[in-house]
Amino acid sequence: MTEFGWDVKYAGVQAVVAKFLMQGKAGGYTPVFEKYLEKAEFFMCSCLGKGTQNVQKTPGGLIFRQRWNNMQFVTSASFLLTVYSDYLSSAGKNLNCASGSVNPSELLSFAQSQVDYILGDNPRATSYMVGYGSNYPQQVHHRGSSIVSIKADSSFVSCRGGYATWFSRKASDPNLLSGAIVGGPDAYDNFADERDNYEQTEPATYNNAPLLGILARLNGGHSGYNQLLPVIVPAPTPVVTKPKPAPQSKTTPAPASSSTPIALSRR
């Protein structure tokens with residue numbers, strides 16, 4: 001496997017199984033888990049360009065898999081490299097590639113290079129995150145951002161009108177889809193900022209989701225996090241309840257007896 005995207009999850013499964021092996025949890029399945037680890041590392045080495053079958057990259061260094069929404073493969077693979085870097089660091093191991101041994105920090109650095117490209121460090125100096133930087137996509141393939149806000153124009157917009165009147169316009173988006181990651185450039189770092197160019201200007205949640213994980217990890221620096229420690233769930237604090245006192249039964253006191261005898265008189 002040399003790709004990891006929304007519909008191809010093999011590399012992710014292989015990385016998780018490799019984690020179990022590094023944690024010493026394989027047990028009798030060790031020979032099988034070792035094959036998973038071998039395939040996981042094949043993927044990592046391919047992304048780094050240090051394997052026997054490497055992924056394609058643009059001249060600017062971006063992972064390139066396909067024309068339509070290529071950015072999903074970039075963010076997903078970079079996320080996996082980030083996680084695997086911590087697995088290796090936690091186990092005190094290096095990545096074994098065809099070109100030689102690779103330090104875990106190199107995986108993290110490569111993931112960062114992909115993020116830098118996305119945010120503007122590329123031959124076009126274009127940020128592929130809408131709203132970030134000074135040069136980002138202005139005609140996103142997105143119905144909501146191509147139609148003016150009801151706060152600016154309360155006129156009714158029909159479904160057909162939303163497409164014919166607004167979506168097909170060549171002007172910049174009236175609504176800024178802040179933070180959205182679009183499909184990105186082609187294999188030669190070229191990008192056409194046009195709303196009907198859905199292969200490059202369409203945003204997707206599966207572009208953004210992995211990026212959040214990468215940014216969170218990069219914010220922690222290169223010191224590394226031990227991802228192999230067992231997850232200890234704290235025991236719940238026992239709730240001490242005091243027993244309720246038994247209800248006191250009310251007794252009606254007997255009438256007080258008199259010590260004076262009753263005197264009878266005869267008349």
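Which residues does I181 touch, not counting residues up to four places away in sequence? They are M71, I118, Y128, M129, E202, P203, A204, N207, N208 and L211, where contact means heavy atoms within 4.5 Å. This is a predicted model, in which local features need pLDDT of at least 70 and side-chain atom pairs count only at pLDDT 80 or more, while totals for chains, interfaces and linings use all residues. Residues are numbered from 1 along each chain as its sequence is written, and side-chain values use heavy atoms, with hydrogens and water left out.

**I181 and the whole domain**

Keep I181 selected. The residue is found in the loop between α6 (159–167) and α7 (198–201); helices (H or I, at least four residues) and strands (E, at least two) are DSSP runs, numbered from the N terminus. I181 has a relative accessible area of 0% and is therefore buried; buried means under 20% relative accessible area, exposed over 50%, and partly exposed in between (1.4 Å probe, protein chains only). Add P137 to the selection: its C-alpha atom is separated from that of I181 by 9.5 Å, with the two positions 44 residues apart along the chain.

Next, select residues 2–215. UniProt places the feature "domain: Glycoside hydrolase family" there, in an unreviewed entry; UniProt positions are given in the numbering used here, feature names are shortened, and annotations may be inferred rather than shown by experiment. Over this range the chain is 45% helix and 5% strand, and the end C-alpha atoms are 23 Å apart.

**The annotated active site**

Select H141, D193 and E202, the positions at which UniProt (unreviewed entry) places the feature "active site". They span 62 residues in sequence, yet no two of their C-alpha atoms are more than 10.3 Å apart, so they gather at one spot.

Begin with H141, in the loop between α4 and α5. Leaving aside neighbours within four places in sequence, H141 is in contact with F167, R195, D196, Y198, T201, E202 and P203. A polar atom of the H141 side chain lies 2.7 Å from the backbone oxygen of R195, a polar contact (a pair of N or O atoms within 3.5 Å; within protein, one must be able to donate a hydrogen and the other to accept it, and residues adjacent in sequence count only if both atoms are side-chain atoms).

Move to E202, in the loop between α7 and α8 (205–218). Its relative accessible area is 25%, so E202 is partly exposed. Beyond residues up to four places away in sequence, E202 touches W68, N69, H141, I181, V182, G183, N197 and N207.

**Q139**

Now select Q139, in the loop between α4 (104–118) and α5 (143–146). Is Q139 buried or exposed? At 11% relative accessibility, Q139 counts as buried. Its contacts, not counting residues up to four places away in sequence, are R169, K170, A171, S172, D173, D193, E194, R195 and T201. Two of these contacts can be displayed as distances: the Q139 side chain has a polar atom 2.4 Å from the backbone oxygen of K170, and a polar atom 3.4 Å from the backbone nitrogen of R195. The C-alpha atoms of Q139 and K170 are separated by 7.6 Å, although the residues are 31 apart along the chain.

**Helix α3 and its partner α1**

Select α3, residues 71–91. This helix has 21 residues and reaches 30 Å from its first C-alpha to its last, close to the 30 Å expected at 1.5 Å a residue; the expected span is 1.5 Å times one less than the number of residues. Of the 21 residues of α3, 16 are buried, so the helix is largely enclosed by the rest of the structure. One residue to inspect within α3 is S85, which counts as buried at 3% relative accessibility. Leaving aside neighbours within four places in sequence, S85 is in contact with P104, S105, L107 and L108. After α3 comes G92, with a positive phi near 70°.

Add α1 (10–22). The axes of α1 and α3 come within 11 Å and cross at roughly 10°; axes are lines fitted to C-alpha atoms, for helices over the stretch in contact, and angles run from 0 to 180 degrees between N-to-C directions. That makes α1 roughly parallel to α3, a term for angles under 35 degrees. The contact is made by A11, G12, A15, A18, K19 and M22 of α1 and L80, Y84, Y87, L88 and A91 of α3.

**Last stops**

Select E3, in the segment before α1. E3 is buried, with a relative accessible area of 13%, and its side chain makes a polar contact with the side chain of R65 (2.5 Å).

Finish at D189, in the loop between α6 and α7. D189 is not a glycine, yet its phi is positive, near 70°.

Technical notes
Angles under 35 degrees count as roughly parallel, over 145 as roughly antiparallel, 65 to 115 as roughly perpendicular and the rest as oblique.
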